[in-house]
Structure formats: C-alpha cells, structure tokens
Amino acid sequence: MTPTMMVPRTEPAPRPSRDGKQEFLAALHGLRPASVLDVGCGEGALLRAVTTDGVRGVGLEPEDAAAERARAAGLEVQPGRAEALPFGDSSFDVVTLEYVAHHVEHLPRALREAARVARRAVLVLDGWYDEALPSQRVMRDLDDWRKRIDRRLGMVHNPCPNPRDLIDPLLASGPLAIDYACRLELSPRSLAELEATARRHLEAVAPAPDLAAELDRILDDGRLHGCTDAGTLLLAARFL
C-alpha cells in the first residue's frame, strides 16, 4: 500500500469553523477521558488542549515536519497511518479525528481501527455542506474541485464525509450510542478572493482544460447564488 500523504495545512477553500472546534473540544471534555489518541494530530493543538487538564494525550501524525514540531513542544507523537494504528485494543479512552477524515486514504478501515483502539468513544469533526442551499452547493463544488487537483498531485484529499460515511463502519464495533450534529453558519465568502486562490491552485497542474472549464462553471454558479463557508459535522460514538 502506498504511504498516506497529508495535504499541506494552508488556507483551504472552506475554513474550519472555530465554533465547531470549540464544540468538539467541549464534547471531548464532557467524556472526562483519562487518555486520548488524536489521529492526524498535526502540530498538536488538540493535544495541548487536553494535556493541560491532566489527560494523557498521544498523537499520531504521518507528516514528519509536523510531528517534529509537536515533539519539540513536549508532546507525545508517533508516526503511523490511521488505517493501521500502532496500538493495542482498547488502549485509549477516546480516539479523535479532527478535520482528518477527508485526508484518510481508506476511511472505513480507519474508523474501524479507531473503534478498536478506543475503550469508551470515538469523536469525529469534519466539514459539512447543506446541499439544499445553492450557496452551499457552490462551495462544495469548489472544495471538491480543489481536492481533485490535490489528488492529481499525489495527495490524499477526499470529499467531506456525510454522517453515513462515518456511522456505517462503526456499526460492526459492537453496541454503540451515536450522536451527531450538522451545524451551518452560512458565512459569506468573497468570490473574487476564492477565484484568485483557485486560479493559483490550477497552475500546479496546468494545462488542465477540463479543470479550467469546471472552475468557470462553478464561478458562474457563484455569481448567481453566492458562496458560503462549510458547516461542521460532529459525531460521537460511545461504546455501551
């Protein structure tokens, strides 16, 4: 199997919701875990938040540079893939995937691994679009367009998961209580700024007439309907 590559953490088309991150952290604190494994921990922002409360936080991060920066800050971070967690069964109270699910090469396998390693719960936070709203469809299409370019460049960058994408792989893990919430903010975005960023992104794979034509279509829809930021999908699967 080819190594998983993570997308560079630059400003994406949809911006992760700060309120969503706070809700995610509140849900984690509400479980009162003694230990947390953060899959795809990056430089360790979530680990820093939990370890200040006396929780043992361990990160898994495939990007060497991000992992080294986390370790330099005194955090415990190991290399590895979400699809093959290097830990025994029930090693942590809670396993978290914060804006990571759409970066995973094989999401069902990764979720089953998270359930295997977790004693009490798996928490997932990711982006979400309300496809009933035209301005959301525009941003979803632009997000998916950008991710197509990233995949051509060899990165793992998939569409945002829907609730069923997360729930179905977890159902084989045993009796569960699953709660999820989809939050919508509808923050407007500047179409001119989004177009400028997209044109720069397109240069990485130019010439690509198919992608250029698709971008023009999305921008035309944006002129008609506007563009609004992604919402959030927060899922908590607790073992009974």
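**Notebook: cores, rings and cysteines**

I started with Phe87, which comes out buried, with a relative accessible area of 14%. I should jot down early that this is a predicted model.

Next I checked Phe92, and that residue is buried too, at 1% relative accessible area. How many aromatic pairs does the whole structure hold? My search turned up one. Phe87 and Phe92 make that pair, edge-to-face, with 5.1 Å from centre to centre and 90 degrees between the planes.

Then I went to the largest nonpolar core, which has 31 residues. Which members touch the most others? Phe87 is on that list, along with Leu37, Val39, Val95, Leu97 and Leu166. I looked up where the core comes from: β1 (35-39), β2 (56-60), β4 (92-98), α4 (107-117), β5 (118-128), α6 (163-170) and β7 (231-239) each give at least two residues. The largest share is from α4, with six residues.

I picked Leu37 for a closer look and skipped its neighbours within four places in sequence. Leu37 contacts both rings of my pair, Phe87 and Phe92, as residues. Its other contacts include Val58, Leu60, Leu85, Val94, Val95 and Val117. Apart from this core I found another one, of 19 residues, including Val205, Ala208, Leu211 and Cys227.

Last, the cysteines. I searched the whole structure for disulfides and got zero. For Cys160, the nearest cysteine sulfur belongs to Cys182 and sits 11 Å away. A disulfide needs sulfur atoms within 2.5 Å, so Cys160 is in none. I also looked at Cys41: buried or exposed? Its relative accessibility is 7%, so Cys41 counts as buried.

Notes. Residues are numbered from 1 along each chain as its sequence is written. This is a predicted model: local features need pLDDT of at least 70, side-chain atom pairs count only at pLDDT 80 or more; totals for chains, interfaces and linings use all residues. Side-chain values use heavy atoms; hydrogens and water are left out. A nonpolar core is a set of buried Ala, Val, Leu, Ile, Met, Phe, Trp, Tyr and Cys residues joined through side-chain atoms within 4.5 Å. Buried means under 20% relative accessible area, exposed over 50%, partly exposed in between (1.4 Å probe, protein chains only). Helices (H or I, at least four residues) and strands (E, at least two) are DSSP runs, numbered from the N terminus. Contact means heavy atoms within 4.5 Å. Rings of Phe, Tyr and Trp (its six-membered ring) pair if their centres lie within 6.5 Å; planes under 30 degrees apart count as stacked, over 60 as edge-to-face and the rest as tilted.
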